[in-house]
Amino acid sequence: MPRLVSHPDEVKIVTRRFGQGAANIDRYLELGGYQSAKKCLEQGPDWIINEMKASNLRGRGGAGFATGMKWSFVPKQSPKPKYVLVNGDESEPGTCKDHLIFLHDPHSVIEGTIIAGLAIGSKLGFIYLRGEYRYLLEIVEKAVADAYARGFLGKNIFGSETEFQIITQSGAGAYEVGEESALMESLEGKRGVPRIKPPFPAVVGLYGGPTIINNAETIATVPHVIAMGAESYAAVGTPRNGGTRLFGISGHVERPGVYELPMGYNLKKMIYDVAGGVRGGRKLKAVVPGGSSTPVLLPEEIENLGMDFDQVGKAGSMLGSGGVVVIDDQTCIVEFALRTISFYQHESCGWCIPCREGTDWLKKTFTRFHAGFGTASDIDNIQHIAQNILGRTFCPLGDAAAMPTLGFIKKFRKEFEDHLNGKPCPYARHEELAAV
Amino acid sequence: MADVTFTVDGKKLTAPAGTLLIDACRKAGIEIPAFCYYPGLSLQAACRMCVVRQEKVPKLQTACTTQVAEGQVFITESPEIAEARKGTIELLLGNHPLDCPVCDAGGECELQDMTFKYGAGESLYAEAKQHREEQQWSPAVFYDRPRCILCYRCTRMCGEGMDVWALGVQSRGVRSVITPNGGDRLDCEQCGMCIDVCPVGALTSGSYRYKTRPWEMKHVSTVCTHCADGCRVTLGVRQIDGDAVIIRSDNRDKGGINGDFLCAKGRFGFDFVESRERLSTPMVRNAAGKLEPATWAQALAAAASKLKEIRETRGGASIGVIGSNRTTNEENYLLQKFARTVLHTNNIDHARSTDYAAFARALAGHKDKTASLRDIAAAPAILLVGGNPTEEHPLLAWILRTNVRLNKARLYIANSQSIKLERQAKAVQGLPPNGYKDLTSILDRNDSDFAKAVMAEESLVVIFGSDFRGQGVEDLVAWGLKRGPNPDSVRFAIVGDHSNSRGAADMGLFPDLLPGYVPVTEPGAFAEYPGLPAAPGKTLPEMFAAAGKGDLGALLVVGANPVGKQGMDAAALKNTFVVVQDLFLTETAALADAVFPAASLYEKAGTVTSTYGDLQLVKKAADRAGVKPDFEILVRLAEEMGADVKALVPFGKGGVSADLGQSRGAQAGEADRHAVWLAAQGLEPRLSPLDPLAVLDEIERLVPGYTLDRINLLSGNDVRTELGAAQGRSASSSDGAGLIVPAHDSLFTSATLGRYSFALKDLERHQTQAVTESAAD
């Protein structure tokens, strides 16, 4: 089990039960588990949705859509069954928070799913784990079985007349399936490619029924919001950005790990204080603030940057999935860009032309460029290809490849130029790249 | 949906709310490019070519997924949009092999057209392109991945359109490939629709690939000769060694009843015309009893003198005539007129594959009760009784599937076997073999879900085939007619087997019925036929029986093979003088005393009537040395017999004589348009006795139900014929129920013709192997 980190600035809400054996249902109950679900069962759907709206909880998957709002879009009456779908396809490089939730506190996801089901009047929820998390599936499946055994799931949950069932499903290893409509396709047993929107899942989703899809962290937060009250939860964060966030700090820091910090927490402080500063006392070169798809930020851009959806957006990047990647001054940005685009090239589903072809040409060009065979026009070509992807693709994942690429060129053009004219990479790690 | 008004490129357009922008624009003549969008198939929004600018929306929007609403404002062409489209093409061309100079699609490639329009002529990339070896999936379909732009038209056409689901996508990202779901070979109906919809040269046809360039062919739109559904095909013809040779058959002209559709037979089965077994010279049986080549003059003289001699010595009643299911209406009409007025016999019949005569009898006096294929395509409810259209009538199956899929039509199936179309059916009624007669009582009892659903339908199209004969047809039709006086409360379609089976029946190739199912005993307008025999003649089996007893002096067989296909006794013809007009030396032709090499349907002009009564123009595509259309052979035979050719074919006004066979225009069907001008000038319109349209004039004049919409017909459209038009019914019309022999052709067989198609036999072999292999797994 990965070592847990902690810091005094942390506000432990979602991570409250981490490291305390809460995967065991008895322990989870001792720690106050399933009380929120019971309360919601008594209070009814309107109350739940109002609480969620008041909590200012925003989706933790990356887009930051208000959770209460999303739930309220589901029609009350529907001829087709309604579904709750938990998106545990956590695949964005730099992101590793859902992993810990499934590992340490799977019942919080189950409880959150029940509450979401009660809120929209659904009888069936799905917990979808990314293919590479297959080893977590056992833990989650055990937790679901235990919840069934206690009567928290089934025909009559908590002894009521209400039914709610949960099915767990593992993916087949595709980043694309993190996109909600592609996830539904995958869950239905089809190729993991996105669907045309509208209709949105809240109206026509899984198997054509109204569906809410939430990130695993969002769902795991729900029972805590109910337990502590929407007002108190909202008070923790900044305006319009309720509560805390699980920030996964990785890269060149002394104490990498997942920290639960209030929304709006200062990024510089997060790196230097919470994560113990840049590794080996080196200088900070750049930060990727919210997973590999978010544009890179320079040290001077993070001075007073509060980590919430709105502030990071204003700074020209995105809070994304909360995966903070710290880059020290010994890192080649061209290589970093190559590594990033290689991921998107590998994970492009191939559905639409700009992403399928564009990521491949970007990868090819970056590979040659970093190997020292770049030409002056390559830099413009890279920008041109990324521009041809940006905003033109079927789903947001094309943007996820184009945005960081454009960011790297914009902010580190000099470093790209330094690779020209046969000059070797100043960071001299060519050999290792052969494996990329 | 209510109409909404919106603005496209400054033009105000109106369309029902929710119409896709791309459709609304195309209808208004505003071209929006798209690779993945294909009318009638599910939306993809994958190619990103149809992007447009919508006012007040931050990103470019795809026109194929945008539904129009009141007051929207769009721009479809601007520097920004052109740049986006160019960017997409640039990315596509990155891995595209640019082998246009050798690619089949060169000249008719959508990627080529788009590149010409939007540019991206220069590549920005220095790296190697993705390469994959070409694959052969079946004798009909080849796949070249580098050329593929992954528009998914093929997978959707195969799945959604054909309900075959043989194609899928394998791998992901830039490595994605289209792949047969069964592995490395296609186990499917081999319809080739995937090739037709491919916008580039990724899917190529086994019969056409690398043969020629599209601009080197003349494209002739005509009617398929294989089954009775009446698909329009576009034949690509090229001059080779003086002959006009068919290189390709496809569905380039999508204007026919078949719309997008064409099956394996229509697409690949044209090669019988080039078969090495094709007859190219007349033959006459010599003194030694062997067939030997002869000149046309020798053969015509031999046949004519003998026919004349028998007519004069033994009477017309000792001559029999068997007509064809594949010759044109004009030829069939001419044949029966030749039989009745030149040979003076009513001994005329054809191989009947379904009981059109009973159908006509049942509908006598009821107008507008037959369903055209277009009626079926738009019908809200259809009752399909018997048969297996997926195998035997692929176009009908396509029309039914499409109607269910796109219009939510309700399909009801009653059948003694399980058929694939059940997948589209709303309700199915199983029947015991030979249990079709009970269907109407099952429906009338109205106590099953099936019966209740069918009976509740306000309007219904009833489709049936050879499972109903004679009284069975009459009972079924009588049941349907009870449904109500409104023509749409019931319509019927009867399914026969060959490309002009309906025409053969409509044109009176019956011993007891004249064209239009007019009884010979009450000939009406046909009384003008000089010397029309009054009594009904012999049916096909009766002719053979008479021959066996030595009572049939001569037998003229045109495009039929009663010995090979109807199981008639070859020995019966021992003492009969047999004349055969055919493409091949069939079992019947091999017994003949004189054989004339005939042109195929692809080598002549005229009209054919589909089994649904849709009449279409046949245009001459190929030209083959040595053969003549059956029309010409008959006229020459009549002339040789000393008959009044002008009475047979109403050409020329009095006193004008025309030479035989000089009228090229007549052959090509062009004469009629010219005729309009000629008539206006007071000149002679029909100058040649070989002009089939001269006979079409007479058909229109005399045959009930054949009042045609000429302008539409000549424009290449299908026009309606009416089957219930003949008033009254004759007590003399014989019950032909026992004479029906359905062909039961499969997707790859086509009666006698199919035997001479290498392509169809190859496909059949491929499919048989596929079935055997999967059984072994």
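Start by selecting chain A, which splits into domain 1 (25–236), domain 2 (244–328) and domain 3 (333–434). Keep in mind as you go that this is a predicted model.

**Stop 1: two domains of chain A**

Colour domain 1 and domain 2 of chain A separately. Their centres, taken over C-alpha atoms, are 27 Å apart. Now look at where they touch: 14 residues of domain 1 of chain A are in contact with 19 residues of domain 2 of chain A. What classes of residue does domain 1 of chain A bring to the side that touches domain 2 of chain A? You'll find four nonpolar, five polar and five charged residues there.

**Stop 2: where the chains meet**

Next, bring chain B into view alongside chain A. Their contact takes 27 residues from chain B and 24 residues from chain A. Which element of chain B gives the largest share of the side that touches chain A? Select helix 2 of chain B, since that's the one, with eight residues. By class, the side of chain B that touches chain A has 15 nonpolar, seven polar and five charged residues.

**Stop 3: helix 2 and its partner**

Stay with helix 2 of chain B (residues 79–95) and add helix 3 of chain B (residues 110–118). The two pack at an angle of about 135 degrees, and their axes lie 10 Å apart. That angle makes helix 2 of chain B oblique to helix 3 of chain B. Their crossing is left-handed.

Show the side chains here. On the helix 2 side, pick B:A82, B:R85, B:K86, B:I89, B:L92 and B:L93. They meet B:L111, B:M114, B:T115 and B:Y118 in helix 3 of chain B. Sorted by class, the residues of this contact come to seven nonpolar, one polar and two charged.

**Stop 4: chain B by domain**

Zoom out and colour chain B by its domain assignment: domain 1 (3–77), domain 2 (90–205), domain 3 (283–353 + 500–650 + 706–739) and domain 4 (357–495). Notice that domain 3 of chain B is listed as three segments, so select 283–353, 500–650 and 706–739 together. The centres of domain 2 and domain 3 of chain B, over C-alpha atoms, are separated by 48 Å.

**Stop 5: a little strand-spotting**

Last, find the open sheet of three strands in chain B, with the order 28-29-30 and antiparallel pairing. Which strands sit at the edges? Strand 28 (606–609) and strand 30 (719–720) of chain B do, each pairing on one side only. Strand 28 of chain B runs antiparallel to strand 29 (residues 614–618) of chain B, and four bridges join them. To see one bridge partner up close, click B:T609 and then B:L615 in strand 29 of chain B.

Definitions and conventions
Residues are numbered from 1 along each chain as its sequence is written. Chains are lettered from A and ligands numbered from 1 in the order in which they are written. This is a predicted model: local features need pLDDT of at least 70, side-chain atom pairs count only at pLDDT 80 or more; totals for chains, interfaces and linings use all residues. Axes are lines fitted to C-alpha atoms, for helices over the stretch in contact, and angles run from 0 to 180 degrees between N-to-C directions. Angles under 35 degrees count as roughly parallel, over 145 as roughly antiparallel, 65 to 115 as roughly perpendicular and the rest as oblique. A crossing is left-handed if the near helix is turned anticlockwise from the far one by less than a right angle, and right-handed if clockwise. Two residues are in contact if their C-beta atoms, placed from the backbone, lie within 7 Å. Ala, Val, Leu, Ile, Met, Phe, Trp, Tyr, Cys and Pro count as nonpolar, Asp, Glu, Lys and Arg as charged, and the others, Gly among them, as polar. Domain bounds come from an automatic or database domain assignment. Two strands pair if DSSP finds at least two bridges between them.
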